[in-house]
Amino acid sequence: GLPALAAVGLLALGLARWSPAAGAFGLPTATLGAGLVLLTLGAVAVRLWMVLHPQFYYPDVKVHSLFAWQLVRRGLPAFLAEFTANQFRFSLGLQLENGHWYAFPYPPAFYVLSWPLIRWVGYRPEVAVSVLAAVVNALETFVVFGIARRLRLSTGVATAAAGAHVLLPIFLARLSLAYFPSLVGHTVDALTILFLVAHLDRLQRPRVVLGLGTLLALALLTYTQGLLNFALLLPLFLLLDIAFERTGEARRQQLGLALAGMLGVLLSFAVFYGRYLPTFVQMRKGIPMAEEQIVLDKAEAAARVRPAEEARPAVDDDDPFDGPNFDPWRGLRKAAWRLWVFYGVFGPVVVVGLILLVRSLDGRRRVRLVLVWAATYLLLNLASGGLPGPNLVRYNKDLEIVAPLFCIALGVVGVRLWQLRRWLGVLYACGYGGFGFLRAARYLTERFVLER
């Protein structure tokens, strides 16, 4: 863990001191940069403590490490050629639909990023995938700070938002469940949003269109959830912008945003997602994939040594927010429940912070973007909980896409309390820090194993 901690420290210091990076993240002084480096080191220390604890274990760590090892052992061409078969072999991204198991898109970028840590640094595969997720998620501290600054918020709010990211419960929970690709993918999502916020008034420029389209493609190629996240965020923002901004300059910017979105989708489908189009056709018709035989053979082999019911892949149908009919109220209840589960008493604080944030923003476009960004959380839950189920989006990662925004909302409240009374700000910060650390400890100890 110490080499990784030192590497993150050097990288964070480089980001804070390198003028182009400091400008991109909105760092005005070296002192603020040093503070952000310390926050990033705190974030990576907590995350490495969790994933490298000798008693920590979660089965998906093995799954991700097996995929990373296949890439190192077989090389990229063979790895990609056998990717779908390995999904069935190692149970990655499988979903039961119409009585058959199907491999859902699971982009390989995370495993490609793990490759140097195994090949050159010499980490064991399970250590490499764990460290990569912890480090990338910790570095998102800079991105959260940058988004706040690009929304033209004060350095105090931006710093408080970055501090909230350090112990944000949703990321600590995902880390304890070995959602490693989703954590890395979310960071690319956040970078894409940072680029969008920073260039809202320059979307008509070809370089901006190319940059946004490339970042969007990278986000989609890192984790599948990006498809759903940006399928809501970008079109909804574009539609609102078309409705309210009607000047010639605005129309050119709207065209640029649409072109960037299409470029990102086309690139990601050309590189990876296109191979899954036949899978969705087969799924709708109830035609099994040929690779499903791998799962059936594994179940048959397991049945020879233990009861058949234990050999079947586990399917969790006990979902209180699953129903046979369309029920928006069920989706709204799910949104409120999930906010409480991961934010606890700070859930209402997030809502208050969002209201204060919207009221303080400068510029109609920024207001619309923040409103649409916040609405993605509700819309994702309306889809997963409100639509007849089980449905294809019931496992979406709704809280990750809005995590930087929620950090900013928490920061807005903290700074407002500090301005009212210093002791209120200190009490708030201590309360949130204690809450986050206790959540981290709970998530970790729940994954403890005493024997293997």
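Me: In this predicted model, buried means under 20% relative accessible area. Which residues of helix 9 are buried?
Reply: Helix 9 covers residues 155-166. By that cut-off, its buried residues are Val 157, Ala 158, Ala 161, Ala 162, Ala 164, His 165 and Val 166.

Me: Against which helices do the buried residues of helix 9 pack?
Reply: Packing here rests on contact, meaning heavy atoms within 4.5 Å. The partners of these buried residues are helix 3 (30-51), helix 8 (125-150), helix 10 (169-176), helix 22 (403-420) and helix 23 (422-446).

Me: How far apart are the end C-alpha atoms of helix 9?
Reply: Helix 9 has 12 residues, and at 1.5 Å a residue it should span 16 Å. The distance in the model agrees with that: 17 Å.

Me: Is Arg 368 buried or exposed?
Reply: Arg 368 is found in helix 20, residues 364-386. Its relative accessibility is 9%, and the cut-off for burial is under 20%. Arg 368 therefore counts as buried.

Me: With which side chain does the side chain of Arg 368 make a polar contact?
Reply: Leaving aside neighbours within four places in sequence, Arg 368 is in contact with Phe 237, Leu 240, Asp 241, Phe 244 and Glu 245. The polar contact, at 2.7 Å, joins the side chain of Arg 368 to that of Glu 245.

Me: How many disulfides does the structure hold?
Reply: A disulfide needs two cysteine sulfur atoms within 2.5 Å. The cysteine sulfur closest to that of Cys 407 is in Cys 430, and at 18 Å it is too far for a bond. For Cys 430 the closest is in turn Cys 407, again at 18 Å. The number of disulfides is zero.

Me: Which of these words, buried or exposed, fits Cys 430?
Reply: Cys 407 has a relative accessible area of 0% and is buried. Cys 430 has 54% relative accessibility, and the cut-off for the other class is over 50%. Cys 430 therefore counts as exposed.

Me: Which helix gives the most to the largest nonpolar core?
Reply: The largest nonpolar core has 132 residues, and those with the most contacts inside it are Tyr 111, Leu 168, Phe 180, Tyr 343, Ile 408 and Leu 410. With 17 residues, the helix that gives the most to this core is helix 8.

Me: How many residues are in the other core, which lies apart from the largest one?
Reply: Among the residues of this other core are Tyr 102, Phe 104, Met 283 and Met 289. Its residue count is nine.

Terms used. Residues numbered from 1 in each chain as written. Predicted model: local features only at pLDDT ≥ 70, side-chain atom pairs only at ≥ 80, totals over all residues. Heavy atoms only, no water. Helix = DSSP H or I, 4+ residues; strand = E, 2+ residues; numbered from the N terminus. Expected span 1.5 Å × (residues − 1). Buried < 20%, exposed > 50% of the residue type's maximum accessible area, 1.4 Å probe, protein only. Polar contact = N/O pair within 3.5 Å; in protein donor to acceptor, adjacent residues only side chain to side chain. Core = buried A, V, L, I, M, F, W, Y, C linked by side-chain atoms within 4.5 Å.
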